[in-house]
Each structure stands twice: as structure tokens, then as C-alpha cells.
Amino acid sequence: RAAACAGLLEAGVTPATAGELAFELRALGAVAGELAAAAEEEGAVEEDEGDASANSLAAVWVDVALMPLVQTAQGVASRAIRSARVAEAAAAALLSIARRPGPRGQVQLARLLQALLALAAARDEAGGSEETRRDAVRGVAALAERLQEATEAEAPASASLAGAANAPGLGHALSTLVGVAAAEAGAGLRGSRVLLAEALRAMRLLLRCVGGADDLAFFLPGVASGVSKVLMRAAGGGASGGGHTAAVAG
């Protein structure tokens with residue numbers, strides 16, 4: 001599946017090949033999700049045997065599956081790929097992987113987060129439909145939930161978003177989510193209440209992964225300012241499915 005996607009991407013995405021690529025991306029996401037589940041089981045066995053390594057064979061194959069998905073997300077973000085079908089398929093595949101709690105190293109976490117954020121920020125003119133952005137934002141939230149679960153379980157090989165080294169990446173993630181929420185809040189009746197609420201929920205979950213109070217203090221001013229802007233825009237009109245203010249309050 002990864003090879004098929006890579007071949008289609010290398011040849012260039014056209015209206016004639018977009019449907020085939022979208023199909024392969026969704027299939028790849030399903031396979032990668034199964035691999036992530038297998039990696040979780042492998043990790044549990046290794047931990048019971050005293051070897052809590054995240055470098056299982058299944059986890060390596062998840063990395064292989066991520067390559068064309070990351071490439072697709074980058075193509076959508078740069079507008080080299082302008083197909084809503086392809087963008088939606090990539091976001092759905094990444095969401096499938098993000099929802100799996102298998103062992104995830106720091107590099108895999110960074111690749112997943114980078115790809116999800118690229119699709120979350122994609123606008124309609126670049127193929128980024130509401131479905132694309134919604135699944136991407138849900139993927140970010142799922143990643144944060146899995147990281148929080150691993151931290152609470154004291155998983156020894158878990159990746160992390162805490163610490164000074166991860167501050168730039170986490171700051172970019174929070175900024176992107178604020179941008180998504182602000183765009184929906186400012187779109188009036190054309191905005192999506194669901195996507196607005198999902199973006200704010202993902203922000204809340206990411207902040208829980210920050211770590212100590214000192215790390216949290218680094219992000220709070222920017223987050224507070226961003227949320228204030230969202231609230232101001234929300235007061236100006238309602239999104240599809242209900243008022244923005246109600247979505248923000250929720």
C-alpha cells in the first residue's frame with residue numbers, strides 16, 4: 001500500500017489519479033492502524049519480559065506507512081495537491097493511526113503531528129474541506145489523549161510533548177489550533193460549530209501534555225490571547241449547527 005501511494009505521488013496527482021490515490025491512502029490507514037495495534041501488543045509482551053522497547057517490527061512498519069501520508073499532507077499544505085478527496089483520505093488515515101495507543105517514539109510522534117497540523121490548517125482552495133480539517137484536528141486530540149494515557153500509566157518508552165525541547169513544536173500546534181478555531185468563529189454562518197469545538201478540545205488536551213507549571217507558563221499568554229480573539233469573533237455571529245459562543249463555552 002505504501003509503495004502504491006508513493007508511486008502515485010511521484011507521478012503527480014491529477015484528476016484522473018486522485019480517486020485511486022484516495023482509495024490507497026484510506027487502505028493504508030486501515031493497515032497502519034492494525035500495525036499500531038500489533039505494536040501495542042508487542043510492547044506489552046516485551047514489557048512483561050523486561051524489555052520495554054518501542055522499536056518493534058510492527059512499529060517500524062507504521063513508520064513506513066507514515067511516509068506517503070506525510071508527503072500527501074505536505075503536498076496539500078503547499079497546494080501541490082489540490083484534491084479534496086485525497087486530502088480527506090489522508091486525514092482519515094492519519095486519524096486511524098493517531099487513535100491507536102501503540103508504542104510511539106519521538107520521531108513518529110513528530111511526523112504524525114506535523115502531518116495532522118498541515119491538514120488542519122488547509123483551506124478549501126487547497127483541497128482542505130471541512131471533513132479534512134475535522135479529522136486532522138481529531139487526530140491531534142487523539143494523539144494528546146494517547147500521550148496522556150501513556151504518561152498516567154508510566155509507560156517507559158512513551159514519547160512526550162513536555163520539556164523545553166518540545167516547546168517550539170507544541171507552540172506551533174497550539175497556534176495552528178487557535179487559527180482553526182478563529183477561522184470558524186470568524187466565518188459567521190458559514191463556519192462550523194463542530195470544527196470550532198473540536199479545535200478547542202484539542203487545545204485543552206495538548207495543554208494537559210505540557211508538563212509542569214513552568215512549561216505551562218510559556219504557552220498560557222499566547223493561548224489566552226488566541227482564545228480571547230476566538231471569543232470576540234464568536235460573539236459576532238453563529239456557526240452552522242448553532243451559535244459560536246455556545247460552542248466555545250462547551
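Here is a friendly chat about one pocket and a few salt bridges in this structure.

Trainee: What kind of model is this?
Mentor: Local features need pLDDT of at least 70 and side-chain atom pairs pLDDT 80 or more, while totals for chains, interfaces and linings use all residues, as this is a predicted model. Residues are numbered from 1 along each chain as its sequence is written, and side-chain values use heavy atoms, with hydrogens and water left out. In short, the model is predicted.

Trainee: What volume does the second largest pocket have?
Mentor: On a 1 Å grid over the protein atoms alone, a pocket is an open set of points where a 1.4 Å probe fits, with protein on both sides within 12 Å along at least five of seven lines. Its volume is the space filled by probe spheres set on the points, which are joined across faces, edges and corners. For the second largest pocket, this gives about 290 Å³.

Trainee: Which helix supplies the largest share of the lining of the second largest pocket?
Mentor: Lining residues have an atom within 4 Å of a grid point, and of the 17 here, the closest to the centre are A110, L113, Q114, G169 and L170. Helices are DSSP runs of H or I with at least four residues, numbered from the N terminus. Both α5 (106-120) and α7 (167-186) supply at least two lining residues. The largest share, eight residues, comes from α5.

Trainee: How many charged residues are in the lining of the second largest pocket?
Mentor: Asp, Glu, Lys and Arg count as charged; Ala, Val, Leu, Ile, Met, Phe, Trp, Tyr, Cys and Pro are nonpolar, and the others, Gly among them, polar. The lining has 10 nonpolar and seven polar residues, and the number of charged ones is no residues at all.

Trainee: How many residues apart in sequence are the parts that R133 and E184 tie together?
Mentor: A salt bridge is a side-chain nitrogen of Lys or Arg within 4 Å of a carboxyl oxygen of Asp or Glu, and the count comes to seven. R133 and E184 form one, at 3.6 Å from N to O. R133 lies in helix α6 (residues 130-152) and E184 in helix α7, so the parts they tie together are apart by 51 residues.

Trainee: Is E149, the partner of R146, buried or partly exposed?
Mentor: R146 and E149 form a salt bridge, with the closest N and O atoms 2.8 Å apart. Buried means under 20% relative accessible area, exposed over 50%, and partly exposed in between (1.4 Å probe, protein chains only). R146 is buried at 16%, whereas E149, at 39%, is partly exposed.
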